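I opened a fresh page for this model. My plan was to go through strands first, then rings, then charges.

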Amino acid sequence: ATVGPVEISVSSNDYQNRSSPQQYTYYSEVHVTSIYPIRASTGGSTLITVTGSGFVNHPLLSCLFDDAVVPGVYVSPTEVHCTSPNHPAAMVALEISNNNQTYTNNGIQFEYYLKERGYYTHPKVAAIGGTTWIYITGDNFVEHDDLSCRFGGSSGMEVFAEYLNQSSIRCKAPAYSFLSGFGTLTHSDYNFEGSAFPATGSYDLEVSNNRYHYYQEEIF
């Protein structure tokens with residue numbers, strides 16, 4: 001059938017006594033190709049960007065996390081936003097439907113994890129050159145490339161965190177800089193960008209399993 005609206009009516013005897021026509025819409029086949037972030041805590045309320053094709057701006061646009069349905073927010077034919085519902089720790093498929101009836105079957109996986117928590121850091125001070133490893137003890141750390149630390153809050157600097165075990169990670173304190181504005185870390189162990197630091201001071205230290213939600217536990 002051609003994509004778009006058509007009229008449908010019902011008759012019990014061919015063309016006689018037909019019902020009033022009702023509008024029915026044919027959609028293109030829907031596909032999900034990627035999601036971001038790909039993991040979030042079990043508490044839900046994380047905004048997920050879903051990329052794919054065939055999305056339609058319709059009141060019944062829906063997102064399916066395992067067996068939990070939440071409304072989808074249409075952005076474009078290739079992008080939908082979904083807010084994750086709460087769910088026990090698990091890997092689940094995230095699927096999309098334009099009519100809350102027929103869902104995709106692409107099997108893109110979304111991971112629910114217990115909220116990460118860092119409650120002890122050592123050492124509490126670091127050299128301005130940026131060579132000091134900071135060890136963070138906590139709970140529910142996940143071994144993944146998105147595991148990260150952030151120094152200095154939302155406008156600060158993100159650095160890669162090395163997973164040691166579920167309750168321990170480490171990250172290198174970034175070098176202080178006299179430059180203003182934004183700069184890129186040049187040390188080979190760093191792979192994120194952020195704003196440069198002034199020469200001295202104390203900064204918030206936050207941790208994240210998904211490089212999306214950061215949780216502040218210590219002042220560094």
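I took strands as DSSP runs of E with at least two residues, numbered from the N terminus. I let two strands pair if DSSP finds at least two bridges between them. The model is predicted, so I noted its limits: local features need pLDDT of at least 70, side-chain atom pairs count only at pLDDT 80 or more, and totals for chains, interfaces and linings use all residues. Numbering starts from 1 along each chain as its sequence is written, and side-chain values use heavy atoms, with hydrogens and water left out.

**Sheet**

I looked up the strand order. An open sheet of 8 strands reads β3-β5-β8-β7-β6-β9-β10-β4, and its pairing is mixed. β3 (31-36) and β4 (39-41) are the edge strands, each paired on one side only. From one strand to the next, the twist averages 35° (axes are lines fitted to C-alpha atoms, with angles from 0 to 180 degrees between N-to-C directions).

At the β4 edge I found 3 bridges to β10 (residues 109-113), and the two strands run parallel. R39 has E111 of β10 as its bridge partner.

**Hairpins**

Next I followed β13 (residues 148-151) into β14 (residues 157-165). They run antiparallel, with 4 bridges. The hairpin they form has 5 residues between the strands, and G152 in the turn shows a positive phi of about 100°. R150 stands opposite E158 of β14.

β14 continues to β15 (residues 168-172), antiparallel again, through 4 bridges. That hairpin uses 2 residues to join β14 to β15. E162 has R170 of β15 as its bridge partner.

**Rings**

I searched for ring pairs of Phe, Tyr and Trp (its six-membered ring), with centres within 6.5 Å; planes under 30 degrees apart are stacked, over 60 edge-to-face, the rest tilted. The whole structure gave 3 aromatic pairs. F65 and F110 are edge-to-face, 5.6 Å centre to centre with 80° between the planes. F65 lies in β6 (residues 62-65) and F110 in β10, so this pair ties together parts 45 residues apart in sequence. F110 and Y112 have ring centres 5.1 Å apart and planes at 85°, so they are edge-to-face. Ring pairs link F65, F110 and Y112 into a cluster.

I checked burial too (buried is under 20% relative accessible area, exposed over 50%, partly exposed in between; 1.4 Å probe, protein chains only). F65 and F110 are both buried. F110 has a relative accessible area of 0%. Y112 is buried at 2%.

**Charges**

My rule for a salt bridge was a side-chain nitrogen of Lys or Arg within 4 Å of a carboxyl oxygen of Asp or Glu. The count came to 5 salt bridges. R150 forms one with E206, with the closest N and O atoms 2.9 Å apart. R150 is in β13 and E206 in β18 (residues 204-208), 56 residues apart. Both R150 and E206 are buried.

E158 meets R211 in a salt bridge at 3.2 Å, N to O. E158 lies in β14 and R211 in the loop between β18 and β19 (215-219), so the pair ties together parts 53 residues apart in sequence. E158 is buried at 13%, while R211 is partly exposed at 32%.

Which residue forms a salt bridge with E162? R170 does, at 2.9 Å, N to O. R170 is buried at 18%; E162 is partly exposed at 27%. Last, I noted that R39, E111 and D146 are linked in a network of salt bridges.
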